[in-house]
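Colleague: I have a new structure to get to know, and I keep running into labels I don't trust yet. Could you walk me through how each one is earned?

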Amino acid sequence: MADISLEGVTKVYPDGTKAVDGLNLEIADGEFMVLVGPSGCGKTTALRMVAGLEDITSGTLRFGGRVVNQMLPKNRDIAMVFQNYALYPQMTVAQNMGFALKIRGMPKAEINERVAEAAKILRLTEHLNRRPKSLSGGQRQRVAMGRAIVRSPQVFLMDEPLSNLDAQLRVEMRTEIARIQRLLGVATIYVTHDQVEAMTMGDRVAVLRLGILQQVASPQELYDFPVNEFVAGFIGSPPMNLLRARLVHDHDASTFEIGGQRLALPPEYLKSHALDAATGSSVIVGIRPEDISGAATSGEAHGLVLRARVERVESLGSEVLAHLSVADSTEALVEEIDQTTGEMVARSRTFIARMGARASIHLGEVLDLHLDAGRLHFFDGETGRTLLREGAR
């Protein structure tokens with residue numbers, strides 16, 4: 001088994017495109033690391049460099065402390081699982097799983113033993129004599145994983161392995177892959193564009209944007225303490241609401257203004273020097289949908305009441321998502337990720353509140369919403385970086 005270290009790893013293509021820029025990342029032996037980000041962020045290129053399928057322009061890649069930049073893929077002791085199962089249709093499940101070992105010249109008895117062991121882990125034992133065409137999509141993906149497992153590699157690399165499955169199978173296979181990885185204890189790098197997949201599977205998650213690592217942390221830390229507005233707006237479903245605002249200090253009171261409405265800045269935020277320095281400047285206020293309540297009253301703590309109009313209602317059975325706009329404002333106040341450029345732009349007027357399943361709200365209704373004082377985030381309006389240190393809330 002081995003740990004993986006990427007030290008300033010960069011990939012520049014002949015046309016000058018910088019796909020990965022100075023990536024520093026440590027994956028411990030046995031760790032499940034997920035690379036996530038929008039299309040074109042460099043996550044698959046990073047994976048392919050680890051696999052040896054792409055040359056590294058600069059930087060150092062180590063497996064277990066050994067530099068492997070120039071090592072051929074076949075000598076890196078890795079196993080890859082792709083979104084395309086690439087199973088041989090004329091072979092049985094057992095033959096597909098053991099084919100790479102057969103090519104190596106491994107004795108038949110040992111191949112059978114490894115295949116049987118992998119099939120037990122993958123719950124494929126009763127399917128070993130079937131052919132791929134008679135299997136479901138989830139079963140075929142497990143066969144593809146079995147082909148990797150029997151090789152007993154140092155490292156597993158998985159590139160969007162669930163993207164060809166339907167929604168229900170994706171959920172089932174997320175759990176299955178995470179279970180198998182924990183059982184085997186092999187360092188794993190898993191690439192996905194689906195942040196829900198990333199959050200539910202990874203020990204840690206690395207968020208990339210335009211080839212640059214934005215943040216690497218546990219799923220909960222990413223959710224609670226994003227380092228910039230891109231991470232805040234990418235992680236979460238629905239994502240964090242990001243509203244353009246202005247910090248105002250007037251008559252010994254600090255407030256922030258959204259669409260002409262002023263809300264009092266809670267005292268616990270006043271100890272942030274970065275936030276204090278931003279007074280009078282444009283900032284981004286972040287609040288997650290679940291931290292907005294429709295039950296505000298005039299006596300609400302800290303005066304964190306925002307008047308908003310209901311633009312759309314989504315009833316999901318277990319909850320209601322209310323799409324709202326700041327009352328009496330026609331500005332595009334809400335920041336979103338441009339999926340083409342990866343930039344944050346204010347092009348929407350609506351933000352989302354997650355209400356209880358029995359919430360009674362109606363289109364066009366004006367609500368006084370309470371924003372949870374302890375769950376606000378503030379980001380620099382120019383750089384997008386957080387203005388709050390962890391624990392400053």
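Modeller: Here is a short tour of the labels, bearing in mind that this is a predicted model.

Colleague: Let's start inside. What makes the largest nonpolar core a core?

Modeller: The label needs buried nonpolar residues whose side-chain atoms join up within 4.5 Å. Here that gives a set of 53 residues, and Met97, Ile177, Tyr190 and Val207 have the most contacts inside it. Helix H3, residues 108–122, supplies the largest share of this core, six residues. There is another core too, lying apart, with 35 residues including Leu247, Phe351, Leu371 and Leu376.

Colleague: Which residues does methionine 97 touch?

Modeller: Leaving out anything up to four places away in sequence, the list is Val115, Ala118, Ala119, Leu122, Leu124, Leu128, Val143, Gly146, Arg147 and Val150. Met97 is also one of the buried residues of helix H2, along with Val93, Asn96, Gly98 and Leu101. Those buried residues of H2 pack against H3 and H4. Just after H2 comes glycine 105, with a positive phi near 90°.

Colleague: Why is helix H4 called largely enclosed?

Modeller: Count the residues under 20% relative accessible area, which is what buried means. In H4, 10 of the 13 residues pass, so the helix is largely enclosed by the rest of the structure. Among them are Gln139, Arg142, Val143 and Met145. The cover includes strands E6 (78–82) and E7 (155–159), plus helices H2 (93–104), H3 and H5 (167–184).

Colleague: And how do you know what length to expect for H4?

Modeller: The expected span is 1.5 Å times one less than the number of residues. With 13 residues in H4 (137–149), 18 Å is expected, and the helix reaches 18 Å from its first C-alpha to its last.

Colleague: On to charges. Why are glutamate 54 and lysine 11 called a salt bridge?

Modeller: The cut-off is a nitrogen within 4 Å of a carboxyl oxygen. The side chains of glutamate 54 and lysine 11 meet at 3.6 Å, N to O, so they pass that test. Glutamate 54 sits in the loop between helix H1 (43–51) and strand E4 (58–63), while lysine 11 belongs to strand E1 (residues 4–12), 43 residues apart. Both also fall below the 20% limit for buried: glutamate 54 has 18% relative accessible area, and lysine 11 has 9%. Lys11 and Glu54 are linked with Arg48 in a network of salt bridges.

Colleague: What makes glutamate 335 buried and arginine 244 partly exposed?

Modeller: Partly exposed runs between the 20% and 50% limits. Glutamate 335 is at 6% relative accessibility, so it counts as buried, whereas arginine 244 is at 39% and counts as partly exposed. These two form a salt bridge, with their closest N and O atoms 2.5 Å apart. Glutamate 335 is in strand E18 and arginine 244 in strand E11, so the pair ties together parts that are 91 residues apart in sequence.

Colleague: How do you know that glutamate 314 and arginine 312 make the cut?

Modeller: Their side chains meet at 3.8 Å, N to O, and the limit is 4 Å. Glutamate 314, at 26%, counts as partly exposed, as does arginine 312, at 42%.

Colleague: How many salt bridges are there in the whole structure?

Modeller: The search finds 19.

Methods
Residues numbered from 1 in each chain as written. Predicted model: local features only at pLDDT ≥ 70, side-chain atom pairs only at ≥ 80, totals over all residues. Heavy atoms only, no water. Buried < 20%, exposed > 50% of the residue type's maximum accessible area, 1.4 Å probe, protein only. Helix = DSSP H or I, 4+ residues; strand = E, 2+ residues; numbered from the N terminus. Contact = heavy atoms within 4.5 Å.
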